[in-house]
Amino acid sequence: MKRTKILLDADVGIDDAVAMLFLAGRPDAELVAVGSVHGNIPSDLAAANALRLLELCGLDDVPVAIGARRPMAQPLATAEWVHGADGLGNIGHPAARRAPSNESAVEQILRLTAESPGEITIVAVGPLTNLGLALCLDPSLAQRVKSVSVMGGAIVHEGNASPTAEANIWHDPEAAQLVFDAGWPVTMVGLDVTMATRLRKQQLDEIAAMGSTRGDFAHKILQHYLDVYEKSFGTRECPLHDPLAAGIALDPTYIQEELVRDVGVNLTGPTRGATIIDRRPWYEPSGKPLTRVPMRVDSDRFVADLLNALR
Ligand code: BDR
Ligand code: CA
C-alpha cells in the first residue's frame, strides 16, 4: 500500500491528539515528523504532548520539533479552558521519555521537504505561524510540498474564537494569509464541515468499549472536551476539527461539495481573522492562488473510519 507521508503541525490539544491517534491507526499514513505551535497551549507543552502521544502509539522514531512560541503580529493567547491546563484534558498522563529535537519546527519543515521534494503532505491543525515563517525564509517551499491540509477558517458558519473568526486563523491571521497566497495545493477544512462531523453518544460508547490503547486514551482525554461542548450544544457530543483535516489529507473523497476560491483573511477591525471567499455564482477567478474549501463532507464515513483507526 502506498502510504501518504504526513508532516503534522499542531498545537497539541485534545482534538489534535485525536488526529494523531487517527493517523497512528491508519495503515495508509506515514507520520514523518511533528512540529509544535502555540495556540491551544504554549508551543513547548504542545511538543511535550506530541511526544506523549507518539510514545503511547509506539512511534518512537518520529521526531518532534518545537515551533513558534507566539503569533507574528499579536500577543500570545492560549485556550486551556477548552483543552485543560495540560492540553490533554488534565488526565495527568506522564511525560514522555524522549525530548524534542534540536532543530525548530520551521527548520524541520524546510529540511524534510528538501530531502523529499513533492512527497510530503503537511497537515496543519494549529495556528499557521510555522508555515508562514517557513514560507518567509524560503518561498520555494511551496513548490516542494505535495499538499497542505489546513484545519481552519469558516465561510458560512459563525466563528468559534470570535463572532466571525475560527480559532486557528484568529490566532495568527497574517500567517494564514501567507499560507493561502503561497501557490501550493491547499485545502481549508473549516468549521463549515468540522462542526457537522461529530462524535455522538453511540460512537463515544463504542470508543469506551473498544479496549484498545488508542481508543482508551481518546475516551479519557475527550471527557474534558465534551464538558466544554456540552455547554454550547446541550448534548454530550463534540466536533472533530483536527481529525477531519487529517482524514481529508489521506482521502479527499470525503469531500462531497467544495468551492475552489482565493481565500482572503481579514486583518483589521472586529472581524480580524475571518476568512472570506467569493461565493457568488458568477465568480470569476482573480488570478490569485486558489484553495479548496470543502462545504459538505461524508461525515458518517469519516467517523466510521476514525473509529476503525482507534480500534
Ligand atoms: C481548532 O482550534 C483548536 O482549538 C482545535 O485544536 C482546532 O485545531 C478549531 O477551531
Ligand atoms: Ca488544533
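Start at the calcium ion (ligand 2): its donors follow the spacing D-x4-D-x108-V-x116-D along the chain. Donors here are N, O and S atoms within 2.8 Å of the metal, or 3.2 Å for Na, K and Ca; water is not among the atoms, so sites may look incomplete. Select D11 and D242 together, because this pair links distant parts of the chain: D11 sits in the loop between β1 (4-10) and α1 (14-24), D242 in helix α12 (residues 241-250), and their positions lie 231 residues apart. Helices (H or I, at least four residues) and strands (E, at least two) are DSSP runs, numbered from the N terminus.

A word on what you have open. This is a predicted model, where local features need pLDDT of at least 70, side-chain atom pairs count only at pLDDT 80 or more, and totals for chains, interfaces and linings use all residues. Residues are numbered from 1 along each chain as its sequence is written, chains are lettered from A and ligands numbered from 1 in the order in which they are written, and side-chain values use heavy atoms, with hydrogens and water left out.

Still at the calcium ion (ligand 2), show the full set of protein donors: D11 (OD), D16 (OD), D16 (OD), V125 (O) and D242 (OD), 2.2 to 2.8 Å from the ion. Are D11 and D242 buried or exposed? D11 is buried, at a relative accessible area of 0%, and D242 is buried too, at 2%. Buried means under 20% relative accessible area, exposed over 50%, partly exposed in between (1.4 Å probe, protein chains only).

Next, select V303, in helix α13 (residues 299-310). V303 is buried, with a relative accessible area of 6%. Which residues does V303 touch, leaving aside neighbours within four places in sequence? Light up T197, R198, L199, Q203 and L240, all in contact with V303 (heavy atoms within 4.5 Å). Then try a distance: the C-alpha atoms of V303 and R200 are 9.9 Å apart, though 103 residues separate them along the chain.

Now hop to N90, in the loop between α3 (80-83) and α4 (105-115). Check its backbone: N90 has a positive phi of about 55° although it is not a glycine. N90 is partly exposed, with a relative accessible area of 47%.

Finally, zoom out. You'll find 13 helices and 12 strands in the protein. The C-alpha atoms fill a box of roughly 50 × 45 × 40 Å, taken along the principal axes. Of the 311 residues, 57% count as buried.
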